[in-house]
Amino acid sequence: MQKLKKYNVLPDLIQDLKIFLVESLGDDVLIDDIEFLRPSDEVMGDISTNFALKKASKFKKKPRDFAQELKLIVEKSTFSVNFNKIETAGPGFLNFYFSDLFISNGLQYIKNVDKAYGSSNIGNGKNIIFEFVSANPTGPLTIAHARQAAVGDTLCRIYKKIGYHVCAEYYLNDRGVQIYNLGHSVYSRYMEKCGFKADFPENGYKGEYIVDLAESIFQDENKKYVDWEKEKAISAFSDKAYHVIFDEIKNDIKEFNVHFDTWFSERKLEEEGRIENALKDLQDKKIAYEKDGALWFRTTDFGDDKDRVLVKSDGSTTYLASDIPYHWDKLKRGFGKLVNLVGPDHHGYISRLKAAVDAYDEKGSEKLKVLIVQLVTLYRGKTQVRMSTRLGEFISLRELIDEVGIDAARYYFARRKPESLLDFDIELAKQQTPDNPVFYVQYVYARIASILRKYKEQFGNRKINPYGDLNWNSMENGDRSLIKSLLRFPDTVKGAALNFEPQRITLYLENLAAVFHSYYNKNKILDPDNTEKMDMRIHIIKSVALIIKNGLEIVGAGAPEKM
RNA sequence: GCGCCUGUAGCUCAGUUGGAUAGAGCAUCAGAUUUCUAAUCUGAGGGCCGCAAGUUCGAGUCUUGCCAGGCGCGCCA
């Protein structure tokens, strides 16, 4: 007699079942032909396959007959122990219902691996780099940056979970015309402060923070710079200003629970001569040429609709000129996948960037994934808040953290598909009403924490059954449904990662929370008259709490013990 | 004009990458607490999935063409 095949994790069961079916059916079937999905309704089973429906014609059989054959094959196999029943249904679906053995094994597995539950080794240690935010250090981060930060950080956490070696990087534009504008703006405010009439730059930054910076320099060094030659002073002010602003950016990002591994400096790229080298390289390869006194990148060779300027006729370089060696550097560092999160205004830039990486590596553009993170439309109640960094009108990340709170903000940003526009009503978000789904999810954790406190208080002296000795016979349908929700977590993490869709995590959490709250209302957990059931349920809700906490952590929010 | 995104309930959005009877929250209405946290739960109403063709056993999902909205198309960043 063959040994029965027991499983702990859903993906493993499905994978082996596919392999088994391929072996049983012979050469004509590929593993990718077989697909398992989740029926829309629980009464239609826990997992189901449409294989019979899809391939019946190939086997010259009627779909329902074919499904019936498959049903018998699995029933006779060593897999049958994982299923309570298998049924053919509809036009030719085959529906599988989990056995209590599979369900209880699954729960036991969650308990055993604890915090690692949901992790997998799909990435197999491959290197992936996420570049996001990368805002110019010329002003505070806005709410649009906040969304990018939240989405990027969450994606990084998800990819770590599925076994990738992840690098989160911030590309710092610490040179160039915007940094000059920043210095010039502060210089003008400083000169005004010192009683001189100063010309404010046309594209200068008009925010109040510029005045504050000038004020602070005046406090520290008084009228020291008044006699300096203008350009020299502006250069000094540029340096001072961007360091102060960049430090604030770093602080805000850290407080927002967002982690960067590396901060890549454009200025350093220039100082090391790598921009120049890259341009020379392109010219040697004849994919850059001079025309009208400028240097052009022949991006049309790579599918762009027109060539792009690298060096302007005034001798200064464009962003693209720096981005080329920067992205080559990413490839040199051994990243097999480059993910860039950018705003929708950079959309036209994608083909340029693809050309840049292709110029270095034939497969460069396959490795590069540019994810557009859409804008946030901000509301205060019904009124839309218009934003412009240069005009100094915005809601900063700092204000967002202060007003809305980190948990709610992070959760809110993770909740929507990155490429969808997001309406963010500050008034609503800061009200902390039940409208806010993060509280609904966090409440699960707080409720369970409360039950566990009470359990310890009332039954703390009781000897608790070792986990393996739990009596699963007392499982009811409510228990089964709740555990089955828990078994979906690993696949959810995988799907969120491979599709770059963090909202799948929050969606899962809200669904799990709904299942739990409903369960809570119907089932008494602490029941001294039935300690076997109580022990079992304590283990179930501990696992629920574990996954809620794991899930919230992925989106950067916390799980409070009390609310 | 070209390109990208979006269009699903009154509102905000899901829809597991082509599956079975299209879902949830809010709002509206009707209920639930001698009980572990009511920030909760149970139920009801609410739909031309923008429109029209096509692909096939099967389409909210894929293709094409329209319609509507948003954004981008510089020797700006």
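Which element supplies the largest share of the surface near RNA strand B? In this predicted model, that element is α17, with eight residues.

## Surface near RNA strand B

Around RNA strand B lie 53 residues, of which Y319, Y440, Y443, S450 and N523 come nearest. Of the strand's atoms that come within 4 Å of the protein, 63% belong to sugar and phosphate.

Several elements each supply at least two residues of this surface: α2 (51-55), β4 (93-98), α6 (177-193), β9 (294-297), α17 (437-459) and α20 (503-522). By class, the surface near RNA strand B comprises 20 nonpolar, 17 polar and 16 charged residues.

## Polar contacts with the strand

Two side chains approach phosphate oxygens of RNA strand B: a polar atom of Y440 lies 2.5 Å from one, and a polar atom of R416 lies 2.7 Å from one. The side chain of N521 instead places a polar atom 2.9 Å from a sugar or linking oxygen of RNA strand B.

## The second largest pocket

The second largest pocket holds about 1000 Å³ of space. Its lining consists of 34 residues, and those nearest the centre are P11, P490, D491, T492 and K494. Two or more lining residues come from each of α1 (10-25), β1 (36-37), α19 (489-498) and α20.

Among these elements, α19 gives the most to the lining, with seven residues. By class, the lining of the second largest pocket has 16 nonpolar residues, nine polar and nine charged. The helix α20 supplies at least two residues of the surface near RNA strand B and also gives two or more residues to the lining of this pocket.

Conventions. Residues numbered from 1 in each chain as written. Chains lettered and ligands numbered in written order. Predicted model: local features only at pLDDT ≥ 70, side-chain atom pairs only at ≥ 80, totals over all residues. Heavy atoms only, no water. Near = heavy atom within 4 Å. Polar contact = N/O pair within 3.5 Å; in protein donor to acceptor, adjacent residues only side chain to side chain. Helix = DSSP H or I, 4+ residues; strand = E, 2+ residues; numbered from the N terminus. Nonpolar A, V, L, I, M, F, W, Y, C, P; charged D, E, K, R; others polar. 1 Å grid on protein atoms, 1.4 Å probe; cavity = no way out; pocket = protein on both sides within 12 Å on 5 of 7 lines; lining within 4 Å. Points joined across faces, edges and corners; volume = space filled by probe spheres on them.
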